[in-house]
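Hi,

Here is the structure I promised to pass on. Have a look at it first, and then read my notes underneath.

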Amino acid sequence: MALKIKDNNGTFFINGSINASTVKQFKNHIEFLILYTKELTLNIDGVKNIDSNGMRVFRELYTTALISNKDFYVVGNGCKDIFNDFKSNLAA
């Protein structure tokens, strides 16, 4: 399934799957948004699945946002799993 990213008043809604075939497009787009926005909110309600490649990229994007001193939010169904992944990797 193709990945679609749509802006709605500063919240970016992600639809599709974040996997090996879409992760490069996803990472490039979100890195651009991190650079050119003050804060970034991703709504993942429309995400069907996230594989290990997608989780790795979420961690990389989170790190990029921290380094850039930007607020980075992930909201929607499944955001708790992503947050827990961030916490466990920061603790390691």
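Below is what turned up, going from the sheet to the helices and then to the surface and loops.

One thing to keep in mind throughout: this is a predicted model.

**The sheet**

Let's start with the strands. There are four of them in an open sheet, ordered β1-β2-β3-β4, and the pairing is mixed. The edge positions go to β1 (4-8) and β4 (71-75). Each of those two has a single partner strand, so one side of each has no neighbour in the sheet. From one strand to the next, the twist averages 25°.

At the β1 end, the partner is strand β2 (residues 11-18), and the two run antiparallel with five bridges between them. If you want a spot to orient yourself there, Lys6 sits opposite Phe13 in β2.

**Aromatic contact between the helices**

Searching the whole structure gives three aromatic pairs. One of them is Phe26 with Phe58, which is tilted, with 5.3 Å from centre to centre and 55° between the planes. What I like about this pair is where its members come from: Phe26 belongs to helix α1 and Phe58 to helix α2 (residues 52-67), so the link spans 32 residues of chain.

Are these two rings buried or exposed? Phe26 has a relative accessible area of 0%, so it is buried. Phe58 is also at 0% and is likewise buried.

**The salt bridges**

The same two helices come up again here. A search of the whole structure finds three salt bridges, and Lys27, Glu31, Arg56 and Glu60 are linked in a network of them. Here is how the links run:

- Glu31 to Lys27: the side chains meet at 3.9 Å, N to O. The two residues are four apart in helix α1, which means about one helical turn separates them. The cut-off for a salt bridge is 4 Å, so this pair falls within it at 3.9 Å.
- Lys27 to Glu60: the side chains meet at 2.8 Å, N to O. Lys27 is in helix α1 and Glu60 in helix α2, so this bridge ties together parts that are 33 residues apart in sequence.
- Arg56 to Glu60: the side chains meet at 3.1 Å, N to O. These two are four residues apart in helix α2, so again about one helical turn lies between them.

Lys27 takes part in a bridge with Glu31 and in another with Glu60. Glu60, in turn, also bridges to Arg56.

As for exposure, Glu31 is partly exposed at 24% relative accessibility, and Lys27 is partly exposed at 24%. Glu60 counts as partly exposed too, with a relative accessible area of 26%. Arg56 is partly exposed at 34%.

**Elsewhere on helix α1**

Helix α1 covers residues 23-36, and Leu35 is found in it. At 54% relative accessibility Leu35 counts as exposed. Together with Phe32 and Tyr36, Leu35 makes a nonpolar surface patch of about 380 Å².

Val23 is also in helix α1, but at 9% relative accessibility this residue counts as buried. If you would like a distance to check in your viewer, the C-alpha atoms of Val23 and Val47 are 13 Å apart, with their positions 24 residues apart along the chain.

**Two loop residues with positive phi**

Which residues other than glycine have a positive phi? Two that I noted are Asn9, at about 55°, and Asn69, near 60°. Asn9 lies in the loop between β1 and β2, and with a relative accessible area of 78% it is exposed. Asn69 is found in the loop between α2 and β4, and this residue is exposed as well, with a relative accessible area of 70%.

If you only open a couple of views, I would pick the Phe26 and Phe58 pair and the network of Lys27, Glu31, Arg56 and Glu60.

Cheers

Terms used:
Residues numbered from 1 in each chain as written. Predicted model: local features only at pLDDT ≥ 70, side-chain atom pairs only at ≥ 80, totals over all residues. Heavy atoms only, no water. Patch = residues over 30% accessible without salt bridge, like charges linked within 9 Å, V, L, I, M, F, W, Y side chains within 5 Å. Areas by Shrake-Rupley, 256 points an atom, 1.4 Å probe, with all protein chains shown as cover. Buried < 20%, exposed > 50% of the residue type's maximum accessible area, 1.4 Å probe, protein only. Phe/Tyr/Trp six-rings, centres within 6.5 Å; stacked < 30°, edge-to-face > 60°. Pairing = 2+ DSSP bridges. Axes fitted to C-alpha atoms, helices over the stretch in contact; angles between N-to-C directions.
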